[in-house]
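User: I'd like to go through this one with you before I head back to the bench. Could you take me along the parts worth looking at?

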Protein chains: 2
Amino acid sequence: MQDKPWYEDVVIPALLRHARTTYGKAMRSALEEAGYDDIPANGLYVIGGLALSDRDVPLRQLVHELGITKQGAGQLVDALVSRGYLARTPDKTDRRQLIVTLTDRGRAAAEVQKKARERIDRELLERIGEDDVRSMRRGLGTLIDMRREEAESRE
Amino acid sequence: MQDKPWYEDVVIPALLRHARTTYGKAMRSALEEAGYDDIPANGLYVIGGLALSDRDVPLRQLVHELGITKQGAGQLVDALVSRGYLARTPDKTDRRQLIVTLTDRGRAAAEVQKKARERIDRELLERIGEDDVRSMRRGLGTLIDMRREEAESRE
DNA sequence: CGTTGATAGTCAACTCACTTGACTTATTTT
DNA sequence: AAAATAAGTCAAGTGAGTTGACTATCAACG
């Protein structure tokens with residue numbers, strides 16, 4: 001009677017928490033080794049997201065994506081600007097908006113971060129295979145959809 | 001040509017982050033409705049974990065599970081004790097240790113939290129089916145295993 | 001046994017990352 | 001043109017962790 005894997009008995013939110021930490025730790029230590037050791041926690045999402053989307057975004061979008069207040073997002077951007085990862089440039093067409101852009105340093109850091117992330121992705125793929133990765137994505141995506149719907153139904 | 005689901009293009013750590021928020025929001029709002037509105041963030045893990053394991057644990061174990069310092073864990077327990085969710089009792093056999101126990105209030109809150117969690121689990125199961133849930137667990141468990149191994153190899 | 005070292009936890013001060021509240025400037029609506 | 005809305009800032013406060021220094025208890029070994 002083979003015993004079932006340990007994670008069958010662990011509650012899903014705890015699994016999510018610790019799984020995320022695997023990525024976090026890997027990205028952070030890769031960045032530190034490359035000399036980018038002053039990126040605040042959510043900065044990873046800002047830099048990574050900016051590099052990925054390849055378009056420069058206004059602050060309000062970060063607010064939405066991170067689920068924090070605009071003041072919080074502003075301070076986060078402040079920190080990343082003063083450390084040389086981001087730049088702010090005013091939007092021509094709507095002068096209220098400030099567009100957030102990656103600097104060269106920001107792009108370099110994003111690249112290091114991306115490599116680290118992809119290394120984890122690759123190892124996961126090797127271990128559990130394409131189908132299970134797809135299933136995992138599906139599960140996670142579904143959970144996220146559920147919250148969107150709950151939020152809508154509460155309006 | 002059917003378009004692929006949105007989450008195929010989203011980076012896994014971001015999926016993990018937002019998926020966890022679904023559970024977090026659901027548990028927190030259920031607890032608030034039931035009058036337990038003063039539980040600090042990580043308190044959910046302490047109370048839930050304590051209720052689940054059904055054994056009373058020393059502080060050092062919380063330290064390990066939460067991945068925080070013992071001082072941090074101490075403060076968290078302080079907060080939960082002063083709000084009536086936990087009690088500390090000295091261990092007879094090792095008088096250095098303080099055992100952390102759920103109070104009645106703590107157990108009641110854990111029950112509410114558990115119901116909320118299981119509601120999400122159930123809806124997820126309905127939507128994606130047993131196999132995909134299993135695959136998701138496997139993926140998450142594997143990610144967590146990977147970090148354990150990396151940590152060991154760095155010693 | 002008694003000293004030496006490790007383990008469990010505490011106290012105090014600090015930091016970081018956010019929050020709330022009040023405001024300014026620009027844009028849209030009527 | 002006035003009112004309402006939206007993007008962002010400034011300032012002060014808070015929550016949740018950190019580091020550093022300490023006490024109390026236990027284990028191990030000559």
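Analyst: Let me begin with a detail of the backbone, keeping in mind that this is a predicted model: just after helix 4 of chain A, A:Gly84 takes a positive phi of about 90°.

User: What are the length and reach of helix 4 of chain A?

Analyst: Helix 4 of chain A is made of 13 residues, and from its first C-alpha to its last it reaches 18 Å, which is close to the 18 Å expected at 1.5 Å a residue.

User: Which residues of that helix are buried?

Analyst: In helix 4 of chain A the buried residues are A:Ala73, A:Leu76, A:Val77 and A:Leu80. They sit on the same side of helix 4 of chain A because they cover an arc of only 95° around the axis.

User: And which ones are exposed on the other side?

Analyst: On the other side of helix 4 of chain A, the exposed residues are A:Gln71, A:Asp78 and A:Ser82.

User: What do the buried ones pack against?

Analyst: The buried residues of helix 4 of chain A pack against two helices of chain A, helix 2 (43-53) and helix 3 (59-66), and also against strand 2 (86-90) and strand 3 (98-102) of chain A.

User: Where in chain A is confidence lowest, and where is it highest?

Analyst: Confidence in chain A is highest in helix 4 (residues 70-82), at a mean of 96, and lowest in strand 1 (residues 57-58), at a mean of 86. For chain A as a whole the mean pLDDT is 92, with 97% of its residues reaching 70 or more.

User: Switching to the DNA, which residues are closest to DNA strand C?

Analyst: DNA strand C is surrounded by 22 residues, of which the closest are A:Pro40, A:Thr69, A:Gly72, B:Arg60 and B:Gly74. Helix 4 of chain A, which we have just discussed, gives the largest share of the surface near DNA strand C, with 5 residues, and at least two residues each come from helix 4 of chain A and from helix 3 (59-66) and helix 4 (70-82) of chain B. By class, that surface near DNA strand C divides into 8 nonpolar, 8 polar and 6 charged residues.

User: Then what gives the most to the surface near DNA strand D?

Analyst: For the surface near DNA strand D, helix 4 of chain B gives the most, with 5 residues. Of the 22 residues around DNA strand D, those that come nearest are A:Leu59, A:Gly74, B:Pro40, B:Thr69 and B:Gly72, and the class counts for the surface near DNA strand D are 8 nonpolar, 8 polar and 6 charged.

User: How many residues does each chain put into the contact between chain A and chain B?

Analyst: The contact takes 41 residues from chain A and 42 residues from chain B. On the side of chain B that touches chain A, helix 1 (12-33), helix 2 (43-53) and helix 5 (104-153) of chain B each supply at least two residues, and helix 5 of chain B gives the most, with 20 residues. That side of chain B has 21 nonpolar, 9 polar and 12 charged residues.

User: Last one: is A:Ile120 buried or exposed?

Analyst: A:Ile120, which lies in helix 5 (residues 104-153) of chain A, counts as buried because 21 other C-beta atoms lie within 10 Å, where the cut-off is 20 or more. Leaving aside residues up to four places away in sequence, A:Ile120 touches A:Thr22, A:Tyr23 and A:Ala26.

How values were computed
Residues are numbered from 1 along each chain as its sequence is written. Chains are lettered from A and ligands numbered from 1 in the order in which they are written. This is a predicted model: local features need pLDDT of at least 70, side-chain atom pairs count only at pLDDT 80 or more; totals for chains, interfaces and linings use all residues. Two residues are in contact if their C-beta atoms, placed from the backbone, lie within 7 Å. Helices (H or I, at least four residues) and strands (E, at least two) are DSSP runs, numbered from the N terminus. Ala, Val, Leu, Ile, Met, Phe, Trp, Tyr, Cys and Pro count as nonpolar, Asp, Glu, Lys and Arg as charged, and the others, Gly among them, as polar. pLDDT is the predictor's confidence in each residue, from 0 to 100. The expected span of a helix is 1.5 Å times one less than its number of residues. A residue is buried if 20 or more other C-beta atoms lie within 10 Å of its own, exposed if 12 or fewer, and partly exposed in between; C-beta atoms are placed from the backbone. The arc is that of the directions from the helix axis to the C-beta atoms. A residue is near a molecule or strand if its C-beta atom, placed from the backbone, lies within 6 Å of it.
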